[in-house]
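Me: I'd like to learn how to read a structure like this one, feature by feature. Could you walk me through it?

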Amino acid sequence: MTTVQDLSGAWELHGDGVDLPATVPGCVHSDLLGHGRIPDPFRDDNEHAVAWVGRADWTYRRDISWDGPAHDRIDLVFDGLDTVARITLGGTVLGETRNMHRGYRFDVTSPLTGNQPLPLSVHFTSAYTEAARVEALVGPRPNAYPEPFQFIRKMACGFGWDWGPTLVTAGIWRPVRLEGWSTARIAAVRPLATYHENTGKLDLTAEVERTRDRALRAGVLLDGREIAVLDLAAGETSVRGEIDVPGVTPWDPVGYGEPALYTLTVVLTDGDDGTELDRWQQPTGFRTVHVDSAPDDAGTPFVFHINGEKVLIKGVNWIPDDIFPARMTRERYERRLREAVAAGVNLIRVWGGGIYENRDFYELCDELGLLVWQDFLFACACYPEDDVLHAEVVAEARDNVTRLSPHPSLVTWNGNNENLWLRGASGWTEQPGGDLSWGEKYYLETLPAIVAELDPTRPYQPGSPWSGSWAHEPNDPDHQTFHSWEVWNRQDYLRYRDSAPRFVAEFGWQAPPAWTTLRDAVSDDPMLPGSPGVLHHQKAEDGNGKLARGLAPHFPAPTSTEAWHYLTQLNQVRAVRTGIEHWRSHWPHTAGTILWQLNDLWPVTSWAAVDGAGRHKPLYHALREMYADRALTIQPRDGGAVVAILNDHAQTWTGLLRVESRDRDGAVRSSTIEKVEVAPRSVALVPAPDGELLTAHLDGRRALRFADGFTEDLPDPGLTVTAEPADGGLDVHVHAAGLARDLLLQADRIHPEAVTDQGFVTLLPGESTVLHVRAPIALDPASVKAPWVLTDLATVLRG
Ligand code: BMA
């Protein structure tokens, strides 16, 4: 039986003038930070002060010996090395690596026989040195940012992005161990599990590595019950079985049923004496995925079908949740992914400038019924196809397609982020290196061939955006996936309504993080929208200019930082709501939206819904309303207005729809009531009158529509606020005598760890709400009265 000896824990870190105890898995920055050797890179512009770390070389060291039973082979196994490493054991070089996204295994049988401790060292060369070496070999290549991320297989966004700092780290970022084994071990298992006509189908391939040419058997068990035995003759290293499993419950995504999981075990035994040699175990589930992209009258759709059912995608884009991904824990993944599901999200896209996430991430998605769209790791650049990189890309893709194949949540592979589009759209062909190879071969040949060979049960898209072929521009809204960035970059958000793309895989609108997140990151005094620290935590090109131009058509210019913060957060919600509700009203023509972006990896003004300190921006709460399975929205349509009844539910939605036209103060002018019946998974459009303010009510859901345009001097909302201590915090009762628009309670201004359960709330005259504030300590009810804790639009605009 394979024996494992964990090598994580205490190591040493050496660098120029640095000798420190180190923690593995980890990275140079976390070790230096842990010992107070660098300042917090998230604060002010310390990012610059620590830039030297990424340009230096580093060595991790410890002694190792084999303490287990005698075996044919002892392997040193690294699940991840970031990135350019030379591994030396007892003075002998075991190998060199240059890819963060792969695992590595070295045979250390002979040096470790004899039980003598030997020094193990992993020397990391700066990623910049490697990128420069590769660039010198292959020539320049254009990209979107002034850093060489396309020349090295390392998390691209560590080099900086339009929401992230440049913090290029190094280290043993995933677990490392010794494995002792004899006769044979399981090298890989690819269980491709699908579901057809009430039967689970398992197409399972197991690969073994051997030290002895003996007959072997691989027993396959589902929840402990043997469902197949696969034989390998002496010398064979691979076996495949196609196994029918009748009576299983299919894995369904959230909103469609239960994400049923089964524990799959492969037990490798000696074919002659039955001794167990090795064992592989992981949860899996049975489901069938198909993306419908058969051309129709309107162009080319992009509709996910899971187990034969069309699924409206309510998605979010995911970036690495930590700039130093070695710091991620299962708890952090779980918190973030549960937050996504609680906001109504059913798909998460792992974006190509990040990483192939840890097993925990995908296991949690499996358990939550959260669909995963996985990009291959290419983003916003021309990528050289020369051998030095091509070989790495192939190895990395094979590794990760295999590693992630058991996860039912993973429903599509995508070749890259924006590379097929930006080469033309950004004029890269005219830049130095623009005539050289740029990655097209990866996306259109190499990667689809690997997916077809190793994982033919999942769809593959060459890129996002992509229109299906070169016959149409890659970011053509009428053909497959579309990234909607013109609006944020150059237009008013109402322009989202100008088109109904077939699938919106990216779109978003910026806002600053929670007040406390920004205040903790920036010591500017006074802190202004344009003061140096605030600007340092805004990485997008002309980001603050775009925020200001986005506000201008809707509000007077903010007169304080607090007002800027409130109004830009409000505009983010309005912009995203305008997009999502418009596009949802066009289902199934528009088959989904993937918001840019769920999360952040440091304190920054960005498109995120959850900020870099894990605080919810008001957008997070609004997302829950926009992505609710049943929702109402009032949309302009054909010169008039309609109530769009969005029923993303398995049952018909029946009820009485009340539509009211109101005046500016919220008083009802006219009202209609009609019975509606909306089929499952469909949208009904009901004509509505015109008016200054329209409200629609159905079954406890509500939609409001104020006339578009400029908002100033609103009537007095006439608020009565009473805060009462409650278990774990405060219940804040708010009553509005008049129309109270966009009430916002900023819980972080009461206590840094306080949270609330609502974002912006609008109350019609006479309405009340209760905001539940929860914190780890008892809160003083009077704290609600402090400036900016609880405010509303009329008050903000009055200044
Ligand atoms: C797209 C994404 C990211 C970027 C975002 C915002 O380009 O793919 O690269 O952060 O837009 O600009």
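Reply: Gladly! Let's begin with strands: helices (H or I, at least four residues) and strands (E, at least two) are DSSP runs, numbered from the N terminus. Two strands pair if DSSP finds at least two bridges between them. Before we go on, note that this is a predicted model, in which local features need pLDDT of at least 70, side-chain atom pairs count only at pLDDT 80 or more, and totals for chains, interfaces and linings use all residues. Residues are numbered from 1 along each chain as its sequence is written, and side-chain values use heavy atoms, with hydrogens and water left out.

Me: Let's try that on strand 40. How many bridges join strand 40 to strand 44?

Reply: In general, strands of a sheet pair through backbone hydrogen bonds, either parallel or antiparallel. Here, strand 40 and strand 44 run antiparallel and are joined by two bridges; Leu745 has Leu790 in strand 44 as its bridge partner. Strand 40 is also joined to strand 42 (residues 761–763), again antiparallel and by two bridges, with Leu743 partnered by Val761.

Me: Why is strand 40 described as largely enclosed?

Reply: The idea rests on relative accessible area: buried means under 20%, exposed over 50%, and partly exposed in between (1.4 Å probe, protein chains only). Six of the six residues of strand 40 (residues 740–745) are buried, so the strand is largely enclosed by the rest of the structure. Strand 12 (residues 176–181) is likewise largely enclosed, because six of its six residues are buried.

Me: Which residues sit on each side of strand 12?

Reply: Val176, Leu178 and Gly180 are on one side, while Arg177, Glu179 and Trp181 are on the other, and all are buried, so to speak of faces, both are covered. As for partners, strand 1 (residues 3–6) runs antiparallel to strand 12 with four bridges, and Thr3 stands opposite Gly180. Strand 5 pairs with strand 12 in the antiparallel sense over six bridges, with Asp75 opposite Glu179.

Me: How do I read a whole open sheet? What is the order of the one with strand 16?

Reply: Read the strand numbers across the sheet. The order is 16-15-18-19, four strands with antiparallel pairing. Strand 16 (225–232) and strand 19 (276–284) stand at the edges with a single partner strand each, so one side of each has no neighbour in the sheet. On average, neighbouring strands of this sheet are turned by 15 degrees against each other, direction ignored; the axes are lines fitted to C-alpha atoms, for helices over the stretch in contact, and angles run from 0 to 180 degrees between N-to-C directions. Within the sheet, strand 18 (residues 262–270) pairs with strand 19 over eight bridges in the antiparallel sense, and Thr263 has Pro283 of strand 19 as its bridge partner.

Me: And what is the order in the sheet that holds strand 34?

Reply: That open sheet of four strands runs 34-33-36-37, with antiparallel pairing. Its edges are strand 34 (668–678) and strand 37 (701–706), each with a single partner strand, so one side of each is left without a neighbour. Strand 33 (residues 653–662) and strand 36 (residues 693–698) pair over five bridges in the antiparallel sense, and Arg658 is matched with His697.

Me: Now the ligand. Which residues surround it?

Reply: A residue is near a molecule if one of its heavy atoms lies within 4 Å of it. The ligand is surrounded by Trp161, Asp162, Trp163, Trp351, Cys380, Asn417, Glu418, Trp485, Glu506, Trp596 and Trp607. For polar contacts, look for a pair of N or O atoms within 3.5 Å; within protein, one must be able to donate a hydrogen and the other to accept it, and residues adjacent in sequence count only if both atoms are side-chain atoms. A polar side-chain atom of Trp161 is 2.8 Å from an oxygen atom of the ligand, and for Asn417 the distance from a polar side-chain atom to a ligand oxygen is 2.7 Å.

Me: What about backbone features, such as cis peptide bonds?

Reply: Check omega. The bond joining Asp82 and Thr83 is cis, with omega about -5 degrees, and Thr83 lies in the loop between strand 5 (73–78) and strand 6 (84–89). The peptide bond from Ser464 to Pro465 is also cis, with omega near 0 degrees.
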